[in-house]
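This note is written for a colleague who is meeting the structure for the first time. Please read the points below beside the sequence and the model.

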Amino acid sequence: MHPQLQLLVALQDMTGMIKEVEEKGSELEGMGFKTAGLDDLKRAREELEGQIEPQLMGAFQRLTAKFGRAVVPVVGNHCTGCFAQIPSSFVSKTNAGKLQRCESCGRILYWP
Amino acid sequence: MDIAEVLKNTSPELFLPDLKATDKESALSELVAGLTAGMDIKNPDTILQMLQSRESLGSTAVGPGIAFPHGRTLAVQRLTILMARSTAGVDFDSEDGEPTHLFFVLIAPPQDLGHQYIKSLATLIDTVQEASLREKLMAADDYEAFCAALRGE
Ligand SMILES: [Zn+2]
């Protein structure tokens, strides 16, 4: 996997986690989970953002603002953001380490 | 949600009856290695990183001798539950300072409609509150016996 893509996925996962704590924190605490480290997690997210190339970070933020999620999994050769078919050439060996975007919606593609 | 429903998200391949790790960092690695071996996962590092982030929020070792590492990640397509056991116990940074012997790892995709994962987590936590059940889980010979104990059979 492209190292920058790995960072973007981690960033998106982490953002989802922070959002979940902010929205459902009381539910989680009701189950006995502490969420005292929320500020630590937010700092870790900032650090992670700092490791992403500025241009890519800009695209990630624009896509997140537009779609909610900038990175989407490809399932059964389809972009799960817009359900457009992803050409098989995208998954060829020569493209394995590349960062690829859906030609139809522009979302960043991830093969889980 | 009942426990039988929750157990549909696990399998014998996702059961680790005898963890080797004794500290948190290596236990998380061993749990993720178990997930990778038990199902088709291409990006185990992504899952490990997510679980580490979750622990930085606060330890998931909240039950008596039990931890529930959990979270959502793009790296999985559906709710997946791994169950693990450690006879020696793991220092998992629990609130009471006691070692952790039982692990229920829940990994969910971001788009988990209906919050199956939170409901499953709540059901598991409720189920294992009973001390006699925890003894049965520690003594269970195999995956089937472990699940039967959870179902109260
Ligand atoms: Zn698309």
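The numbered points that follow take up chain A, its metal site, selected residues and a helix pair.

1. Status of the model. The structure under review is a predicted model. The distances, angles and accessibilities quoted below should accordingly be read as computed from that prediction.

2. Overall build of chain A. Chain A contains 3 helices and 3 strands. Their order along the sequence is α-α-α-β-β-β. The C-alpha trace of chain A extends over about 50 × 25 × 25 Å along its principal axes.

3. Burial and contacts in chain A. Chain A has 112 residues, of which 46% count as buried. Among contacts in chain A with a separation of 6 or more, 58% are between residues 24 or more positions apart.

4. The zinc site. Which protein atoms serve as donors of the zinc ion? They are the SG atoms of A:Cys79, A:Cys82, A:Cys102 and A:Cys105, at 2.3 Å from the ion. The angles among the 4 donor atoms run from 106 to 112°, and the site is tetrahedral.

5. The zinc donors in the sequence. Along the chain, the donors of the zinc ion are spaced as C-x2-C-x19-C-x2-C. A:Cys79 and A:Cys105 form a pair that links distant parts of the chain, with their positions 26 residues apart. A:Cys79 belongs to strand β2 (residues 78-79) of chain A, whereas A:Cys105 is in the loop between β2 and β3 (108-110). Are these two cysteines buried or exposed? Both A:Cys79 and A:Cys105 are buried.

6. A loop residue, A:Ala36. This residue is found in the loop between α1 (3-30) and α2 (38-50) of chain A. Its relative accessibility is 77%, so A:Ala36 counts as exposed; the cut-off for that class is over 50%. A:Val71 is 35 residues from A:Ala36 along the chain, and the C-alpha atoms of the two are 28 Å apart.

7. A residue after the last strand listed, A:Pro112. A:Pro112 is placed in the segment after β3 of chain A. With a relative accessible area of 16%, A:Pro112 is buried, because buried means under 20%. Although A:Pro112 and A:Val72 are 40 residues apart along the chain, their C-alpha atoms are separated by 9.3 Å. Leaving aside residues up to four places away in sequence, A:Pro112 touches A:Pro73 and A:Val74, together with B:Lys42, B:Asn43, B:Leu74, B:Ala75 and B:Gln77 of chain B.

8. A helix residue in chain B, B:Ser26. Helix α2 (residues 24-38) of chain B holds B:Ser26. B:Ser26 has 29% relative accessibility and therefore counts as partly exposed. Between the C-alpha atoms of B:Ser26 and B:Gly89 there are 13 Å, for a separation of 63 residues along the chain.

9. A helix pair in chain B. How do helices α5 and α6 of chain B pack? Helix α5 (residues 131-139) and helix α6 (residues 143-150) meet at an angle of about 170°, and their axes are 9 Å apart. The two helices are therefore roughly antiparallel to each other, the cut-off being over 145 degrees. On the side of α5(B) the contact is made by B:Leu133, B:Lys136 and B:Leu137, and on the side of α6(B) by B:Phe146, B:Ala149 and B:Leu150. These residues comprise 5 nonpolar, no polar and 1 charged.

Note on methods
Residues are numbered from 1 along each chain as its sequence is written. Chains are lettered from A and ligands numbered from 1 in the order in which they are written. This is a predicted model: local features need pLDDT of at least 70, side-chain atom pairs count only at pLDDT 80 or more; totals for chains, interfaces and linings use all residues. Side-chain values use heavy atoms; hydrogens and water are left out. Donors are N, O and S atoms within 2.8 Å of the metal (3.2 Å for Na, K and Ca); water is not among the atoms, so sites may look incomplete. Four donors count as tetrahedral if all angles lie between 85 and 135 degrees; four count as square planar and six as octahedral if opposite donors are over 155 degrees apart and all others between 65 and 115; anything else is irregular. Helices (H or I, at least four residues) and strands (E, at least two) are DSSP runs, numbered from the N terminus. Buried means under 20% relative accessible area, exposed over 50%, partly exposed in between (1.4 Å probe, protein chains only). Axes are lines fitted to C-alpha atoms, for helices over the stretch in contact, and angles run from 0 to 180 degrees between N-to-C directions. Angles under 35 degrees count as roughly parallel, over 145 as roughly antiparallel, 65 to 115 as roughly perpendicular and the rest as oblique. Contact means heavy atoms within 4.5 Å. Ala, Val, Leu, Ile, Met, Phe, Trp, Tyr, Cys and Pro count as nonpolar, Asp, Glu, Lys and Arg as charged, and the others, Gly among them, as polar.
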